[in-house]
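Hi,

Here is the structure I said I would pass on. Have a look at it first, and my notes follow underneath.

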Amino acid sequence: MLFNSIEFLIFFLVVTTLYYLLPHRLRWLMLLVASCIFYMFFIPVYILILAVTIIIDYFAGIWIERSEGVQRKFYLIASIISTCLVLFIFKYFNFFNANFEKLAHLLHWNYPIGALNLILPIGLSFHTFQSLSYVIEVYRRKQKAELHFGIYSLYVMFYPQLVAGPIERPQNLLHQFYEEHFFDYQRVTDGLKLMAWGMFKKVVIADRLALFVSTVYDKPTEYQGVSLILATVFFAFQIYCDFSGYSDIAIGSAQVMGFKLMDNFNRPYFSKSVAEFWKRWHISLSTWFKDYLYISLGGNRVPLPRWYANLFITFLVSGLWHGANWTYIVWGALHGTYLVLGIVTADLRKKTVALVGLDGFPTVHKYARIGITFLLVTFAWIFFRAKNIHDAAYIVTHLFSGIPEYVMSVVNGTYDPEKGKFFPILLGHPKLELVMAIAGIVFMEFVHSIQRHGSIRHMLRDKPGFIRWSIYFMVVYGIIFFGMFGKTQFIYFQF
Amino acid sequence: MKSQTKIFLFKVGILAVPLMILLMSYVCLDPFKVLRKYDSYYKSGEPARVTLNQGYVSVETFLHNYPRYKYDSIIFGNSRSRFYPVSEWKKYIAVTECFHFDASGESLYGVVKKFEFLEKENIRLKNALIIMDSELLLQAVDNERYLNKQPPRLTLESSYSFHLKFLKAFFNGKFLISYLDLKIRGKYLPYMGETLSDFSFLYDPVINEVTFDFFEKMIEKNKDDYYLSRKDVFYVRDDVEKYSDPVIGEKQLKQIQYIAAQLEKQKTNYRIVISPLYNQKKLNPKDLEILYQIFGSDKVFDFSGKNELTSTIYNYYETSHYRPHVCKLILGLIYRGK
C-alpha cells in the first residue's frame with residue numbers, strides 16, 4: 001500500500017496501537033506479520049521471493065560466521081550471487097537481453113532468447129542491498145550473525161523502510177528489535193511531525209509538480225526552451241520532495257514506535273559541489289556504494305587514474321541500480337564525470353576564484369557554488385526522467401531554443417502564458433496550480449534555510465503554543481485540502 | 001506514561017476537531033448526493049451547483065422509477081447522448097417507456113455493466129439507442145475519477161472505494177472553500193466557477209433527460225453573441241480529414257460482442273450512432289468495420305469526420321457537445337433515412 005493512502009493511515013494506526021498494547025516479547029512477531037501484510041498489498045505471491053532471499057542470507061550469515069578462510073569467502077560469494085541473481089532476473093535480464101539482441105541483429109546473428117514477462121517486485125533493489133549489507137558486515141566481522149530467524153526477517157522486511165529505504169546497516173537496526181520501547185510523548189510527536197512534513201512534501205508539492213513535469217516529459221518534442229527548462233527544474237524538486245517525503249514518512253513512522261532509522265537526505269540542493277551533493281542525497285545508498293563498492297575497488301588509495309576509474313565505475317553502477325535503461329546509466333556516468341572533473345579541476349578553480357577576487361566575498365562565492373551545483377545536478381536529472389535516450393537528447397538540444405524570442409515577447413508584453421507562442425508555461429494546467437507549485441518550493445526552501453540552525457522540531461518545542469499549533473494545523477490541513485490524492489506512486493518505488 | 005498517552009490523545013483530538021466537523025458536514029450536506037436517495041437529483045430550472053456523478057444519478061433514478069414506469073427503451077452513451085430528446089425518439093419507435101441511461105465520460109466498460117445490470121434485473125429491452133465515439137470505445141476499464149467512476153450497483157464492487165473518492169473530492173481545497181462559502185452565504189460568486197456550476201437546465205426525473213434551455217435561449221436570443229464569446233473555444237480545424245487511432249482491441253471486442261449478443265437475445269430494435277464530433281476525426285475504418293461485422297451495417301451509423309453536421313459551429317454548444325437539433329436530424333436519418 002502507498003504511504004499517501006487512507007489504507008496506510010489505518011494500517012499505521014492499527015500497527016502502532018498494537019505495538020504499544022502488546023508485551024515486548026510479542027512485538028517483533030506483530031511487526032513481522034504487519035510487514036508481510038504491507039508487502040503483500042502489492043503482489044502477494046512475491047513474498048515468496050522475499051522469503052527465499054531471507055532464508056538464503058539468514059543461513060549464509062551463520063555459515064560465514066562459523067567458517068574460516070576459503071569456505072567463509074565461498075559462503076559470502078554464494079550469498080551475493082544468489083541475492084544479485086534475483087535482482088538481475090527481475091530487473092536487468094530484459095534490458096541486457098534486448099541489447100544483446102540488437103547487437104546480434106547488427107552482426108546478423110541468430111538470437112533465440114526471448115524477454116521474460118515479469119513484474120519487478122516492489123522494493124527489490126532496496127531490500128536486496130540491505131541483505132547484502134548484512135552478509136558483508138558479518139563477513140567483515142563487524143556484525144554478529146543473527147540467530148533469531150524472525151528478527152532477521154524483520155530486519156529485511158521492516159515495513160517503514162521495506163520498499164524504498166533508507167537502506168539500513170545491521171549494526172544500526174538489528175539490535176533495536178531487541179530493545180523495549182516505551183511510549184514517549186516527545187519521541188512519538190516528533191515522529192508524527194516528521195511524517196506530516198514528509199506527506200506535505202509528497203502530496204502538496206511533489207505530486208503538484210508532477211502535473212507539469214509529466215506534461216512535458218511524456219511528449220517532449222512538443223515543447224522547447226522555457227517549457228523544457230521549467231519542467232526539468234520542477235522535476236529536480238519533484239524527485240526531492242517525493243523521495244525525501246517518503247523517507248521522512250518511513251523514518252517518522254519508525255520513530256513513533258521507538259526505532260531510529262538513518263537520515264537519508266540533508267538539504268541536498270544546498271550542496272556546494274557534486275561531491276557534497278552525494279553526501280546529502282540518498283545518503284543510505286551513497287554510503288552503501290562507498291563502503292561496499294568504491295572502497296572495495298580501492299577507493300582513493302590507488303594511483304590517480306585508478307581512483308578516477310573507481311569513482312566513475314561506482315556512479316555508473318549506481319545509475320544502473322536506479323533502473324534498467326540507458327538513461328540511468330548516462331545519468332550515473334554524468335555524475336561520475338562531474339566528480340572526476342571536480343577533482344581534476346580543483347586547483348584550477350581555486351586559482352580562478354582567487355584571480356577574480358571571489359574569495360573576498362565568501363557568501364557570494366558560496367551561493368555561486370550552490371547555484372552551479374544545482375544546475376549540474378538538474379541537468380543530469382534530464383536523463384533520469386526522460387523515457388529514453390532520444391527524448392533526453394531532444395531535451396538537451398532544445399533547452400535554449402527560442403529563448404531570445406521568448407524574452408522579447410515578455411518584454412513587449414505580447415507573451416500569453418496560457419497560449420504562449422513559444423513556451424506555454426502553464427502547460428495546460430490552471431494558473432493556481434503553477435502558483436501553488438512554486439509557493440510550495442519556496443516554502444520548503446524557507447524551512448530548509450531554518451534547518452541550517454538545527455532541527456525544526458526541536459526549535460518548535462520552544463515556541464509559544466499558538467505558533468506551534470498554527471503550524472501543525474497548517475501542515476495537516478494543507479495536506480488534506482491541497483494534497484493531490486490521485487493514485488500517484490512514489491518515484492523510487494519503481495526501483 | 002499513562003498521563004503522557006492521555007495528553008497525546010487529547011492533543012490529537014484537538015487537531016482532529018476541524019476534520020470531524022467537516023466530516024459531519026459532508027454527511028449532513030451530502031454535496032455529491034451519494035449518501036442518501038433522492039426522488040430527483042436535480043431541480044429542474046435551477047443550476048445544479050455541484051457536478052454529480054451522472055452514472056450514479058442514472059442508476060439510482062432508474063431503480064427509483066422502474067417499479068412504476070417499467071422502462072423498455074433506453075438511450076446509452078456519454079453526455080453527448082443526453083441531447084437526444086426522448087419525445088423525438090418516440091416518433092420512430094413504438095410507444096414505450098424510455099430512459100436516458102447515460103454517464104459522464106461513459107466508457108464501453110460502463111455500457112457493458114449497464115447491459116449486465118439489465119440482464120440481472122430481467123429487464124427486456126424493446127428499443128435501444130447507443131451513442132458512441134472513439135473515446136467511449138477506447139475505455140474498456142472503469143474510469144477512476146469520482147465523476148466518472150461506475151457505481152457499485154453496476155460493478156458489484158465494494159462501495160468503500162466509490163465513496164472514498166467523493167470524500168476526497170469534498171476535501172479538495174478549491175471545492176471545499178467554494179462549497180462552504182456558497183452554503184454559508186447562499187451567494188454564487190464568480191470565483192466559484194472552477195468547481196461549482198452556474199448554469200441551469202431543465203430536468204425530467206422520469207426519463208432522466210436534461211435540456212440545456214439556458215444555452216438554447218442564449219443562442220436564440222443572440223446567436224452571434226453566443227458564438228463570438230466562445231471564439232477561442234471553437235478551435236480551427238484542419239482542412240484534411242483525419243482518422244482517430246484504432247481503439248478496438250481484444251478487451252473492447254469481447255465487450256462489444258457481449259452487447260451485440262444481449263441485443264440479439266432480446267430481439268431489440270436498436271441503432272448505434274457514431275457521434276459527429278467537432279474534432280471531425282473520422283472513426284478509424286478498422287473500428288468501423290468491426291462494428292459493421294458485429295452489429296450489421298444497417299444498425300451502425302457513422303456521422304464522424306468531415307460532413308454537413310460537423311462543418312458548422314452552430315451545431316455545437318462547445319467543442320464537445322452537439323445540440324438537440326442535430327440529434328433530431330440524426331434520428332430522422334437512422335430511422336427513416338431522411
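How many helices and strands does the secondary structure of chain B come to? The count is 14 helices and nine strands. Before going further, please keep in mind that this is a predicted model, and that what follows is computed from it.

Staying with chain B, its radius of gyration is 22 Å, and the globule rule gives 20 Å for 338 residues, so chain B is as compact as a globular protein of that length. If you line the C-alpha trace up on its principal axes, chain B spans about 80 × 50 × 40 Å. Buried residues account for 52% of its 338 residues. Looking at contacts in chain B between residues at least 6 apart in sequence, 73% of them join residues at least 24 apart. Chain B has an accessible surface of about 16300 Å², and 57% of that belongs to carbon and sulfur atoms. As for charge, chain B carries 49 positive and 40 negative charges, and their mean positions are 6 Å apart.

One residue in chain B that I looked at is B:Gln280. You will find B:Gln280 in the loop between β7 (269–274) and β8 (281–282). Is B:Gln280 buried or exposed? Its relative accessibility is 7%, so B:Gln280 counts as buried, the cut-off being under 20%. Not counting neighbours within four places in sequence, B:Gln280 is in contact with residues including B:Arg237, B:Asp238, B:Glu241 and B:Lys242. Its list of contacts also has B:Gly305, B:Lys306, B:Thr310 and B:Ser311.

Now for chain A, which has 21 helices and zero strands. For its 495 residues a compact globule would have a radius of gyration near 23 Å, and the 24 Å of chain A agrees with that. The C-alpha trace of chain A spans about 75 × 70 × 50 Å along its principal axes. In chain A, 53% of the residues count as buried. Chain A exposes about 22600 Å², with carbon and sulfur atoms supplying 69%. The mean positions of its 42 positive and 29 negative charges lie 5 Å apart.

Then there are the nonpolar cores. The largest one has 140 residues, and those with the most contacts inside it are A:Phe8, A:Phe158, A:Tyr269 and A:Trp381. Helix α10 (residues 226–256) of chain A gives the most to this core, namely 18 residues. A second, separate core has 61 residues, among them B:Leu22, B:Phe162, B:Tyr322 and B:Val326. Back in the largest core, the contacts of A:Phe8 beyond four places in sequence include A:Phe38, A:Tyr159, A:Met195 and A:Ile249.

A few more places in chain A to click on:

- A:Thr378 is in helix α16 (residues 362–385). This residue is buried, with a relative accessible area of 6%, and, leaving aside neighbours within four places in sequence, A:Thr378 is in contact with A:Thr232, A:Val233 and A:Ala236.
- A:Lys219 is in the loop between α9 (185–218) and α10. A:Lys219 is partly exposed at 49% relative accessible area, and its C-alpha is 31 Å from that of A:Ile480, which is 261 residues away in sequence.
- A:Val356 is in helix α15 (residues 346–356) and is exposed, at 60%. Its C-alpha and that of A:Ile49 are separated by 59 Å, with the two positions 307 residues apart along the chain.

Cheers

Technical notes
Residues are numbered from 1 along each chain as its sequence is written. Chains are lettered from A and ligands numbered from 1 in the order in which they are written. This is a predicted model: local features need pLDDT of at least 70, side-chain atom pairs count only at pLDDT 80 or more; totals for chains, interfaces and linings use all residues. Side-chain values use heavy atoms; hydrogens and water are left out. Helices (H or I, at least four residues) and strands (E, at least two) are DSSP runs, numbered from the N terminus. The radius of gyration is taken over C-alpha atoms; the globule rule is 2.2 Å times the number of residues to the power 0.38. Buried means under 20% relative accessible area, exposed over 50%, partly exposed in between (1.4 Å probe, protein chains only). Contact means heavy atoms within 4.5 Å. Accessible areas come from the Shrake-Rupley method with a 1.4 Å probe; for residues, only the protein chains shown count as cover. Lys and Arg count as positive and Asp and Glu as negative; His and the chain ends are not counted. The place of a charge is taken as NZ of Lys, CZ of Arg, CG of Asp or CD of Glu. A nonpolar core is a set of buried Ala, Val, Leu, Ile, Met, Phe, Trp, Tyr and Cys residues joined through side-chain atoms within 4.5 Å.
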